[in-house]
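Visitor: I'd like a close look at a single part of this chain, the sheet, along with whatever packs around it. Could you walk me through it?

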Amino acid sequence: ALNTTIAAAKLGHKALLVDAAQSRNPLTSAFGLDRHPGLNDVQSIRRFEPEFALDVDAAGFSFLPRGLAAVGDTAA
């Protein structure tokens, strides 16, 4: 997924890489974003906040980490 996203970005396409892993989050950890809101928070609050996705300027794409909230958590 990462290589496909990088290739699309290099071709000039807007690309968003989403870490949707259910049990582990290797992409989120690789980017050092274990404590950053992301996909789980979008699901929890039922809306997308632009600051959840981060621009990876060097590669030309955006990344949405796994997030903090547990799926189904409504306490956000």
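Guide: Here is a tour that starts with the ground rules, goes strand by strand through the sheet, and then moves outwards.

This is a predicted model, so to speak of local features a pLDDT of at least 70 is needed, side-chain atom pairs count only at pLDDT 80 or more, and totals for chains, interfaces and linings use all residues. Residues are numbered from 1 along each chain as its sequence is written, and side-chain values use heavy atoms, with hydrogens and water left out.

First, the setting. The chain has three helices and three strands, and along the sequence they follow the pattern α-β-α-α-β-β. Both kinds of element are DSSP runs numbered from the N terminus: helices are H or I with at least four residues, strands are E with at least two.

Now the sheet itself. The three strands make an open sheet with mixed pairing, in the order β1-β3-β2. Two strands are said to pair if DSSP finds at least two bridges between them. In general, strands of a sheet pair through backbone hydrogen bonds, either parallel or antiparallel. The edges here are β1 (16–18) and β2 (54–56), each of which pairs on one side only. Ignoring direction, neighbouring strands are turned by 30° against each other on average; for such angles, axes are lines fitted to C-alpha atoms, for helices over the stretch in contact, and angles run from 0 to 180 degrees between N-to-C directions.

Take the β1 side. β1 and β3 pair in the parallel sense, over three bridges, and L17 stands opposite F63 in β3. On the other side, β2 and β3 (residues 61–64) run antiparallel and are joined by three bridges. Two of the partnerships there are V56 with F61 and D55 with S62. The hairpin of β2 and β3 has four residues between the strands, and G60 takes a positive phi near 80° in it.

What about the two faces of β3? F61 and F63 point one way, S62 and L64 the other way, and all are buried. Buried means under 20% relative accessible area, exposed over 50%, and partly exposed in between, with a 1.4 Å probe and protein chains only.

Next comes the helix on the sheet. Helix α1 (residues 2–10) packs on it, touching β1 and β3, and its direction makes about 150° with that of β3. Contact here means heavy atoms within 4.5 Å. F61 gives a residue-level view: leaving aside neighbours within four places in sequence, F61 is in contact with L2, T5, I6, A9, A15, L17, F31, L54, D55 and V56.

Several of these names come back in the largest nonpolar core, whose seven residues are A9, A15, L17, L33, V56, F61 and F63. A nonpolar core is a set of buried Ala, Val, Leu, Ile, Met, Phe, Trp, Tyr and Cys residues joined through side-chain atoms within 4.5 Å. Apart from it lies another core, of five residues, among them V42, F52, A53 and L64. As a rule, in soluble globular proteins nonpolar side chains tend to be buried together.

Two residues from outside the strands are worth a stop. T28 lies in helix α2, and T28 counts as buried because its relative accessible area is 1%. Not counting residues up to four places away in sequence, T28 touches D19, L33, D34, F63, P65 and R66. H36 sits in the loop between α2 (26–30) and α3 (39–45), and H36 is buried as well, at 17% relative accessibility. Beyond its neighbours within four places in sequence, H36 is in contact with E51, F52, L54, P65, G67 and L68.

Last, the loop that leads into β2. R46 is found between α3 and β2; R46 has a positive phi of about 60° although it is not a glycine, and R46 is exposed, with a relative accessible area of 73%. R47 forms a salt bridge with E49, the closest N and O atoms being 2.4 Å apart; the rule asks for a side-chain nitrogen of Lys or Arg within 4 Å of a carboxyl oxygen of Asp or Glu. By that rule the count comes to one salt bridge. R47 is partly exposed at 48%, whereas E49 counts as buried at 18% relative accessibility.

Stepping back, 36% of the 76 residues count as buried. Residues 24 or more positions apart account for 64% of the contacts in the chain with a separation of 6 or more.
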